[in-house]
Each structure stands twice: as C-alpha cells, then as structure tokens.
Amino acid sequence: MTQAQTLARALNALAKSSQFSYVKARAAARQDPNVDWPRTKAENEGFNPEVDGCETFVLRDGSTCEWVSGTFTYVARPAR
C-alpha cells in the first residue's frame, strides 16, 4: 500500500491547484513507474470524467489510489 500512499500524496498536492483536472492527474500518474496501466485501464473501463471526476489508479502491489469526489482528494486503499 506504500505505492498508493506515495501516489496519493503527489496527486493531492496537484489537486490543490485551481487548474487541476483528471488529465493532469493522469499525466502525473504516468510518471510513476509503480502504476499498473493494464489493471488501471480495466478498473476505469466505464470512466466518465463528467460523472466520476478522476480515475482510480491501480498500483503494481495491488493497492489503489482512489479519487474521493466529496473531499476532492485521492486516498490510498489496500489490495483487494
């Protein structure tokens, strides 16, 4: 879960910007080598930015970095 916590901290720092968007979150996550892109794509198969806000990122250790729209933050979740 350490991988998800690290990514959540980085994305939450970006989320404080008034120019934050899901595109910027995805770009930042692409810089993290621990993001498992095939699993992230599967997790977000029906992703709609107008409804969902931001994507959930799946990390190589199985943990997730999940967007919580009510708090406008990312949270780290353990592997399922």
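Helices here are DSSP runs of H or I with at least four residues, and strands are runs of E with at least two, numbered from the N terminus. By that count, the protein chain in this predicted model has four helices and three strands. Starting from the N terminus, the order of elements is α-α-α-α-β-β-β. The radius of gyration is 11 Å, close to the 12 Å that the globule rule gives for 80 residues, so the chain is as compact as a globular protein of that length.

Some overall values come next. Along the principal axes, the C-alpha atoms fill a box of roughly 30 × 25 × 20 Å. Of the 80 residues, 35% are buried. The accessible surface is about 4900 Å², and carbon and sulfur atoms account for 51% of that area. Take the contacts between residues at least 6 apart in sequence: 43% of them join residues at least 24 apart.

Now turn to the sheet. Strands of a sheet pair through backbone hydrogen bonds, either parallel or antiparallel. Here the three strands form an open sheet with antiparallel pairing, in the order β1-β2-β3. β1 and β3 are the edge strands, since each pairs on one side only.

Look at β2 and β3. They run antiparallel and are joined by five bridges. Within this pairing, W67 has Y74 of β3 as its bridge partner. V68 stands opposite T73 in β3. The two strands form a hairpin, with four residues between them. F72 sits in the turn and has a positive phi of about 55°.

Which side chains of β3 are buried? In a regular strand the side chains alternate between the two faces of the sheet. Strand β3, residues 73-77, shows this alternation. Y74 and A76 point to one face and are buried. T73, V75 and R77 point to the other face and are not buried.

Follow A76 a little further. Beyond its neighbours within four places in sequence, A76 is in contact with M1, A4, Q5, A8 and T64. A27 is 49 residues away from A76 along the chain, and their C-alpha atoms are separated by 18 Å.

Next comes the core. In soluble globular proteins, nonpolar side chains tend to be buried together. The largest nonpolar core in this model has 16 residues. Those touching the most other members are L7, L11, F20, F57, C65 and Y74. At least two residues of this core come from each of α1 (2-15), α2 (22-30), β2 and β3. α1 gives the largest share, with five residues.

F20 shows how such a core member is surrounded. Leaving out residues up to four places away in sequence, F20 touches L11, L14, A15, A25, C54, W67, F72 and Y74. Three names here have already appeared in the hairpin: W67 and Y74 as bridge partners, and F72 in the turn.

One last stop is S63. Where does S63 lie? S63 is in the loop between β1 (57-58) and β2 (64-68). Is S63 buried or exposed? The cut-off for buried is under 20% relative accessible area. S63 has 1% relative accessibility, so S63 counts as buried. Its side chain makes a polar contact of 2.5 Å with the side chain of D61. Setting aside residues up to four places away in sequence, S63 touches M1, A4, F57, V58, R77, P78 and A79. M1 and A4 are also among the contacts of A76.

Terms used. Residues numbered from 1 in each chain as written. Predicted model: local features only at pLDDT ≥ 70, side-chain atom pairs only at ≥ 80, totals over all residues. Heavy atoms only, no water. Buried < 20%, exposed > 50% of the residue type's maximum accessible area, 1.4 Å probe, protein only. Polar contact = N/O pair within 3.5 Å; in protein donor to acceptor, adjacent residues only side chain to side chain. Contact = heavy atoms within 4.5 Å. Pairing = 2+ DSSP bridges. Core = buried A, V, L, I, M, F, W, Y, C linked by side-chain atoms within 4.5 Å. Rg over C-alpha atoms; globule rule 2.2 N^0.38 Å. Areas by Shrake-Rupley, 256 points an atom, 1.4 Å probe, with all protein chains shown as cover.
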